[in-house]
There are 2 protein chains.
Amino acid sequence: MDRGEIQGAPKNFEALRALILERRRELPKRLAQVAAFALDNPDEIAFGTAASIATDAEVQPSTLVRFSQTFGFDGFSALQAVFRARLRERNSSYEDRLVELEGGDAVAAGSAAILNSFVGAAHRSLDNLSAAIDPQKFESASRLLASAGTIHLIARRRSYPIATYMAYALSQLKIRCQIAGTASGIDDDLLALADEGDAAFAVSFSGYAPETVAQASALAARGIPVVSLTDSAFSPLAECSTIWFELVEADHAGFRSLSASMAFAMALAVAIAEERRRA
Amino acid sequence: MDRGEIQGAPKNFEALRALILERRRELPKRLAQVAAFALDNPDEIAFGTAASIATDAEVQPSTLVRFSQTFGFDGFSALQAVFRARLRERNSSYEDRLVELEGGDAVAAGSAAILNSFVGAAHRSLDNLSAAIDPQKFESASRLLASAGTIHLIARRRSYPIATYMAYALSQLKIRCQIAGTASGIDDDLLALADEGDAAFAVSFSGYAPETVAQASALAARGIPVVSLTDSAFSPLAECSTIWFELVEADHAGFRSLSASMAFAMALAVAIAEERRRA
DNA sequence: TTTCTGATGGAACAGAAATTCTATATTTGA
DNA sequence: TCAAATATAGAATTTCTGTTCCATCAGAAA
């Protein structure tokens with residue numbers, strides 16, 4: 001064909017996206033900047049004006065035009081049309097796609113089904129969370145932990161990631177904390193150093209790791225307040241805790257989601273920081 | 001209030017829609033015509049220009065302006081903004097629920113608001129997840145990792161909890177894995193022992209911990225396949241990965257949720273086990 | 001170094017956009 | 001039926017948008 005030399009101008013978003021990713025390396029600096037912005041903020045491209053997008057992406061409007069032409073479009077408007085088409089299509093078919101996914105599950109491979117199932121479980125867990133957590137108790141817990149000198153985080157096995165996340169978040173927020181969850185025997189020694197002004201946050205779900213329970217009650221016996229997150233009122237953790245929260249995670253084939261516990265932990269970390277800031 | 005006579009200008013689509021329906025009868029002929037067109041073709045309103053919409057709706061452009069002003073907007077553009085906002089937000093089915101929740105927040109205390117906000121962010125992240133992950137790529141990833149002798153888990157800082165969770169889940173599933181994420185210098189030594197039959201799973205989000213990137217590319221350079229989870233197509237991780245997934249987590253006040261990443265990690269672990277069982 | 005190639009920034013331009021204005025038409029109320 | 005009020009169409013206006021063009025700049029090649 002006579003106009004064959006103009007290769008690009010993909011007319012659907014996915015093709016464009018693939019093309020951008022493919023040629024990402026060879027793009028000059030500013031065009032690469034536009035590429036990154038475009039893929040990260042597709043909605044902006046769809047709705048914004050060349051000027052507003054240029055401002056947001058910190059380039060000149062002319063750069064947008066050049067970018068578009070680099071990919072075979074006539075001008076910026078033609079490229080924008082692709083981003084808009086994507087929004088139109090996605091909207092009309094979003095629900096359908098979900099249904100397709102679910103319908104396809106039975107037929108199609110197991111992996112996708114597993115992923116969907118976990119997503120579903122996570123959603124359910126989160127809904128549970130909002131329903132199960134008493135805001136006032138949450139408030140008290142964050143206040144209690146905010147007043148602590150050091151927060152000791154006690155968790156093992158499945159709950160251990162929650163403690164590692166809180167350790168990360170709390171240090172980011174400049175709140176002193178100490179994690180007790182490694183297999184090494186030094187945990188008990190570290191906890192033995194816990195001060196009167198300290199507090200602890202313990203997490204344990206059924207199957208209850210014995211070390212977690214032992215450490216939490218040891219601290220409680222010494223008068224150190226313990227806040228805990230567990231999944232049953234009959235949990236041994238509940239007995240020795242000043243404040244405790246019951247949170248049941250939904251599961252897929254026995255593998256319990258951690259999404260709600262994570263959301264809880266994140267919120268607690270930030271709430272503690274808020275309390276401190278206010279005080 | 002003194003400016004009470006200007007009632008309208010609803011700022012979200014649902015409110016506008018309700019208002020239009022309510023006042024539909026009392027509208028003059030041409031304005032009613034616009035009302036019908038707007039509710040029947042909301043996408044047109046969002047994307048079109050005043051002129052093109054006027055043509056489609058068989059009215060004058062000025063009629064569109066008058067219509068907008070009738071409902072309390074400054075001009076047509078302000079009304080169009082509402083139609084566009086709707087398109088942007090439509091992705092998440094939990095949007096409505098969030099609004100409700102946030103409505104209650106104003107009343108409730110600060111801590112509870114923080115908790116709700118994190119729950120909302122987690123829901124949104126999960127919706128993102130289903131939309132963003134390509135099932136086939138997920139399938140390939142789990143197959144690739146299933147065929148590995150040992151799976152090396154590489155993550156730091158915020159992503160570290162994800163690796164600790166996977167380490168837990170994989171060992172439960174009797175799949176050999178090795179975590180590389182501690183501050184100690186032994187990680188590199190352990191990774192140096194990685195076998196040809198091994199594979200790696202790396203997680204890093206913007207802010208990209210340099211050790212994670214360095215270790216992942218070192219493994220890739222030695223021909224060891226790397227599957228990674230990151231938040232941008234421009235992540236340095238994407239470059240050196242055999243398969244990579246892009247997943248953007250929603251956030252509350254800058255604290256990004258981990259819920260979707262967690263769900264992904266859990267699903268991946270189980271999917272790997274499934275693959276192995278089948279093989 | 002010097003030269004050359006190509007990327008970049010920014011101003012200028014042409015055109016299209018939204019909005020306003022006004023004469024005309026239509027409805028409303030007595 | 002008539003007048004007053006309101007709605008409408010279409011032109012006029014003004015604002016803003018996408019694009020182009022060109023001088024400058026950075027980096028590669030000679």
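Modeller: A residue counts as buried when its relative accessible area is under 20%, as exposed when it is over 50%, and as partly exposed in between, with a 1.4 Å probe and protein chains only. This is a predicted model, in which local features need pLDDT of at least 70 and side-chain atom pairs count only at pLDDT 80 or more, while totals for chains, interfaces and linings use all residues. Residues are numbered from 1 along each chain as its sequence is written, chains are lettered from A and ligands numbered from 1 in the order in which they are written, and side-chain values use heavy atoms, with hydrogens and water left out.

Colleague: Is Glu26(B) buried or exposed?

Modeller: Glu26(B) shares a salt bridge (a side-chain nitrogen of Lys or Arg within 4 Å of a carboxyl oxygen of Asp or Glu) with Arg23(B), at 3.9 Å from N to O. Arg23(B) has a relative accessibility of 16% and therefore counts as buried. Glu26(B), however, has a relative accessibility of 61%, so it counts as exposed.

Colleague: Which residues do salt bridges that share partners join into one network?

Modeller: Over all chains, the whole structure holds 11 salt bridges. Where these share partners, they link into one network Glu139(A), Arg143(A) and Glu275(A).

Colleague: How many residues apart in sequence are the parts that Arg143(A) and Glu275(A) tie together?

Modeller: Arg143(A) is partly exposed because its relative accessibility is 46%, whereas Glu275(A), at 9%, is buried. Their side chains form a salt bridge of 4.0 Å from N to O. Because Arg143(A) belongs to helix H8 (residues 135-146) and Glu275(A) to helix H13 (residues 259-278), both of chain A, the parts tied together are separated in sequence by 132 residues.

Colleague: In which strand does the partner of Arg17(A) lie?

Modeller: Arg17(A) forms a salt bridge with Glu246(B), and the closest N and O atoms are 3.0 Å apart. The pair crosses between chains, starting from helix H1 (residues 13-23) of chain A. Helices (H or I, at least four residues) and strands (E, at least two) are DSSP runs numbered from the N terminus, and Glu246(B) lies in chain B, in strand S5 (residues 243-246).

Colleague: Which residue of chain B is in contact with Phe264(A)?

Modeller: Phe264(A) is among the residues that touch the most other members of the largest nonpolar core, which has 96 residues; such a core is a set of buried Ala, Val, Leu, Ile, Met, Phe, Trp, Tyr and Cys residues joined through side-chain atoms within 4.5 Å. Leaving aside neighbours within four places in sequence, its contacts (heavy atoms within 4.5 Å) include Leu129(A), Phe201(A) and, from chain B, Leu115(B).

Colleague: Which helix gives the most to the surface near DNA strand D?

Modeller: A residue is near the strand if one of its heavy atoms lies within 4 Å of it, and among the 18 residues around DNA strand D, Ala50(A), Phe76(A), Arg30(B), Gln60(B) and Arg66(B) come nearest. Of the strand atoms that come within 4 Å of the protein, 79% are sugar and phosphate. Several helices of both chains each supply at least two residues, including helix H2 (29-40) of chain B, but the one that gives the most, with four residues, is H5(A).

Colleague: What distance separates the side chain of Gln60(B) from a phosphate oxygen of DNA strand D?

Modeller: A backbone N or O atom of Ala50(A) lies 2.7 Å from a phosphate oxygen of the strand. For Gln60(B) the atom is instead an N or O of the side chain, and the distance to a phosphate oxygen of DNA strand D is 2.7 Å.

Note on methods: Polar contact = N/O pair within 3.5 Å; in protein donor to acceptor, adjacent residues only side chain to side chain.
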